[in-house]
Amino acid sequence: MAFAGGDDFLVSRHRHPSGMGGRCMAYKCVLLSVFMLIAGFAHAESRKLTLCYDKYPPYAIGEFGEAASGGIKVKLLQDIGKQLDILVAVKILPWKRCLSAAKDGLVDGILPLYKTPEREQFMAFSLPVMRQYNCFLYKKSAFRGRVDWTDYQALKDHHLGMEIGSVVDKEMEAIFESAHPIERAADSITLMKMMDSGRIDLATIDSNVGKYLVNQQGVADTIGVSDVPIGKLSYAAFGFSKASGADKWVAEFNKVIERMRKAGLLERIETQAQK
């Protein structure tokens with residue numbers, strides 16, 4: 001038995017989306033859009049990294065408590081982030097607070113730093129990305145002729161300056177302390193001013209920071225930077241917080257670092273650090 005008007009009824013359902021079928025389709029579309037939006041936010045959050053570093057040009061430039069405005073290590077992180085499709089950010093924090101934040105998982109890690117057994121307890125490290133070492137910043141007029149920067153006994157009669165809290169080489173420091181107290185200053189620029197006034201003859205400094213500051217301050221005629229490392233030569237690597245779960249990124253960072261090394265990009269970045 002045929003249902004009277006059956007075809008007309010079916011057609012009418014398709015013609016009127018305001019009916020029950022249309023409302024169901026619209027509801028499903030809304031749900032699908034919501035689920036896609038939530039998934040998109042979750043994906044974006046999972047591909048976001050916030051690292052920290054001290055206010056330390058040329059490696060990281062900015063003001064404490066704010067986002068870094070530039071710097072060699074900041075640029076390196078940004079380059080890697082682009083290749084991995086990760087949104088990255090860097091907070092400028094005092095050094096001890098930065099280490100504490102990485103330990104507690106308040107940030108995802110720290111820009112390239114030295115790997116130590118103590119730091120390995122709360123951070124996983126990438127492959128090395130940058131050569132770093134401490135050397136002597138020296139007043140040129142206080143030294144004549146060739147100077148053996150590794151013979152600390154021959155240098156100990158000169159007055160040495162160091163940043164407050166820094167420990168570079170305990171054996172070297174003990175030799176200088178045997179002749180004169182080591183002068184301490186809050187930062188490297190203050191050490192340079194002390195050198196200019198004749199209060200000290202040389203100071204310990206990160207080699208890249210020293211070359212950067214000598215050029216920036218325009219004092220290359222009066223202050224030199226030794227190329228000889230104090231202590232052993234070290235390499236810095238990205239540190240990823242285990243507490244935040246960011247240590248999962250080590251393998252992917254390492255792949256990009258290897259590509260950059262083979263292409264000579266890491267060496268180019270290190271050269272830029274000195275300008």
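## The disulfide

In this predicted model, a search of the whole structure finds one disulfide. The bond joins Cys 52 to Cys 98, with a sulfur-to-sulfur distance of 2.0 Å. The torsion about this S-S bond is about 95 degrees, and the disulfide is therefore right-handed. Cys 52 belongs to strand S1 (residues 48-53), whereas Cys 98 belongs to helix H4 (residues 95-104), so the pair ties together parts that are 46 residues apart in sequence.

How accessible is Cys 52, buried or exposed? Cys 52 has a relative accessible area of 0% and is buried. Cys 98, at 0% relative accessibility, likewise counts as buried. A further cysteine, Cys 135, also counts as buried, because its relative accessibility is 0% and the limit for a buried residue is under 20%.

## The chain as a whole

The chain contains eleven helices and ten strands. Of its 275 residues, 42% are buried. Contacts that link residues at least 6 apart in sequence can be sorted by their separation: 69% of them join residues at least 24 apart.

## Helix H7 and its two sides

Helix H7 spans residues 170-177, and its buried residues are Met 172, Glu 173, Ile 175 and Phe 176. These residues cover an arc of only 160 degrees around the axis, which means that they lie on the same side of H7. On the other side of H7, Lys 170 and Glu 171 are exposed.

Which elements do the buried residues of H7 pack against? They pack against strand S5 (134-139), helix H6 (152-155), strand S6 (160-163), strand S7 (183-185) and strand S8 (202-206).

The N-terminal end of H7 is capped by Asp 169. A side-chain oxygen of Asp 169 lies 3.1 Å from the backbone nitrogen of Glu 171.

## Helices H8 and H9

Helix H8 (residues 188-196) and helix H9 (residues 207-217) have axes that come within 11 Å of each other and cross at roughly 65 degrees. The crossing in which H8 passes H9 is right-handed. From H8, Ser 188, Ile 189 and Met 192 meet Leu 213, Val 214 and Gln 217 of H9.

Ser 207 is located in helix H9 and, with a relative accessible area of 2%, is buried. When its neighbours within four places in sequence are left aside, Ser 207 is in contact with Tyr 133, Cys 135 and Val 225. One of these partners, Cys 135, is the buried cysteine described above.

## Residues in the loops

Several loop residues also merit description. The table lists three of them with their relative accessible areas.

| Residue | Loop | Relative accessible area | Class |
|---|---|---|---|
| Phe 64 | between S1 and helix H3 (72-84) | 45% | partly exposed |
| Asp 85 | between H3 and strand S2 (87-92) | 57% | exposed |
| Gln 121 | between helix H5 (117-120) and strand S4 (123-132) | 63% | exposed |

Phe 64 and Leu 93 are 29 residues apart in sequence, yet their C-alpha atoms are 5.2 Å apart in space. Not counting residues up to four places away in sequence, Phe 64 touches Asp 54, Lys 55, Ile 92, Leu 93 and Pro 94. For Gln 121 and Lys 103, the separation is 18 residues in sequence and 8.7 Å in space, again from C-alpha to C-alpha.

Two features of the backbone remain to be described. Most residues other than glycine have a negative phi, and most peptide bonds are trans. Where does the chain contain a cis peptide bond? The cis bond joins Pro 57 and Pro 58, and its omega is about 5 degrees. Pro 58 is placed in the loop between S1 and H3, and Phe 64 is also found in the loop between S1 and H3.

Asp 85 is not a glycine, but its phi is positive, at about 60 degrees. This residue sits in the loop between H3 and strand S2. Asp 85 counts as exposed because its relative accessible area is 57%, and a residue is exposed when this value is over 50%.

Key. Residues are numbered from 1 along each chain as its sequence is written. This is a predicted model: local features need pLDDT of at least 70, side-chain atom pairs count only at pLDDT 80 or more; totals for chains, interfaces and linings use all residues. Side-chain values use heavy atoms; hydrogens and water are left out. A disulfide is a pair of cysteine sulfur atoms within 2.5 Å. Helices (H or I, at least four residues) and strands (E, at least two) are DSSP runs, numbered from the N terminus. Buried means under 20% relative accessible area, exposed over 50%, partly exposed in between (1.4 Å probe, protein chains only). The arc is that of the directions from the helix axis to the C-beta atoms. Contact means heavy atoms within 4.5 Å. A polar contact is a pair of N or O atoms within 3.5 Å; within protein, one must be able to donate a hydrogen and the other to accept it, and residues adjacent in sequence count only if both atoms are side-chain atoms. Axes are lines fitted to C-alpha atoms, for helices over the stretch in contact, and angles run from 0 to 180 degrees between N-to-C directions. A crossing is left-handed if the near helix is turned anticlockwise from the far one by less than a right angle, and right-handed if clockwise.
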